[in-house]
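Please work through the exercises below with the sequence and the model side by side, and try each task before reading its solution.

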Amino acid sequence: MSDCLFCKIVDGRIPTSKVYEDELILAFKDIQPQRPVHILVIPKKHITSLATVDAGDAEILGRMLVKANEIAVAEGSPNGFRAIINTGEVGQQEVPHLHLHIVGGPDPVGPMLKRL
Ligand code: 5GP
Ligand code: ZN
């Protein structure tokens, strides 16, 4: 998807603060962090949202979740975090490339966040 913002981050056309990468996924710092730790984990392959995945995406989705705690700990959230996937219009997803928000830090994040 040549005009997708996060695809541009994957292929290096837009610079970002990368914190983890493997053959399936990429993790980088959110440009407008809502908490001391705010990382986005995305598939390298373009997937629009959780509403468009199929069984063939299970390995990628699994990798995103399996790596989440390791990424959170490495970035300064050693005692847990909040994982959020905004999906579609109702979920108020702004960037139409699937992404998992990892939100945390040394302290509790508080009640459900207002906007992520
Ligand atoms: P959404 O509302 O779609 O769940 O979240 C999109 C997230 O992407 C927002 O938290 C926003 O700050 C972040 N974001 C938007 N554009 C960029 C960008 O160019 N670079 C980075 N690192 N994050 C971005
Ligand atoms: Zn994309």
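The exercises that follow deal with the strands, a ligand and two loop residues.

The model is predicted, so local features need pLDDT of at least 70 and side-chain atom pairs count only at pLDDT 80 or more, while totals for chains, interfaces and linings use all residues. Residues are numbered from 1 along each chain as its sequence is written, chains are lettered from A and ligands numbered from 1 in the order in which they are written, and side-chain values use heavy atoms, with hydrogens and water left out.

**Exercise 1.** Determine how strand E3 is enclosed and which way its side chains point.

*Solution.* Begin with the terms: helices (H or I, at least four residues) and strands (E, at least two) are DSSP runs, numbered from the N terminus, and a residue is buried under 20% relative accessible area, exposed over 50% and partly exposed in between, with a 1.4 Å probe and protein chains only. Next, take strand E3, residues 37–43: seven of its seven residues are buried, so the strand is largely enclosed by the rest of the structure. Then follow the directions, where Val 37, Ile 39, Val 41 and Pro 43 point one way and His 38, Leu 40 and Ile 42 point the other way. In a regular strand the side chains alternate between the two faces of the sheet.

**Exercise 2.** Find the strands that pair with E3, and then trace the pairing back to E1.

*Solution.* Two strands pair if DSSP finds at least two bridges between them. First, strand E2 (residues 25–29) runs antiparallel to E3 and is joined to it by five bridges; within this pairing, Phe 28 has Leu 40 as its partner, and Ala 27 stands opposite Val 41. Second, E3 also pairs with strand E5 (residues 100–104), again in the antiparallel sense over five bridges, and here Val 41 stands opposite Leu 100. Third, E1 and E2 pair in the antiparallel sense over three bridges, with Tyr 20 facing Ala 27 as its bridge partner, and a hairpin of three residues leads from E1 to E2. Finally, four of the five residues of E2 are buried, so E2 too is largely enclosed by the rest of the structure.

**Exercise 3.** Describe the surroundings of ligand 1, beginning with its shell and ending with its polar contacts.

*Solution.* A residue is near the ligand if one of its heavy atoms lies within 4 Å of it. There are 19 residues around ligand 1, of which Lys 29, Asp 30, Asn 86, Glu 94 and His 99 come nearest. Helix H1 (5–10) gives the most to this shell, with three residues. For polar contacts with the ligand (pairs of N or O atoms within 3.5 Å), an oxygen atom of ligand 1 is 2.7 Å from a polar backbone atom of Glu 94, and a nitrogen atom of ligand 1 is 3.3 Å from a polar backbone atom of Ile 31. An oxygen atom of the ligand is also 2.8 Å from an N or O atom in the side chain of His 99.

**Exercise 4.** Where is Asp 22 found, and is Asp 22 buried or exposed?

*Solution.* Asp 22 is found in the loop between strand E1 (18–21) and E2. Its relative accessibility is 12%, and therefore Asp 22 counts as buried. A polar atom of its side chain lies 2.8 Å from the backbone nitrogen of Leu 24.

**Exercise 5.** Locate Gln 92 and comment on its phi angle.

*Solution.* Gln 92 belongs to the loop between strand E4 (82–84) and E5. Its phi is near 55 degrees, a positive value in a residue other than glycine. Most residues other than glycine have a negative phi.

Key: A polar contact is a pair of N or O atoms within 3.5 Å; within protein, one must be able to donate a hydrogen and the other to accept it, and residues adjacent in sequence count only if both atoms are side-chain atoms.
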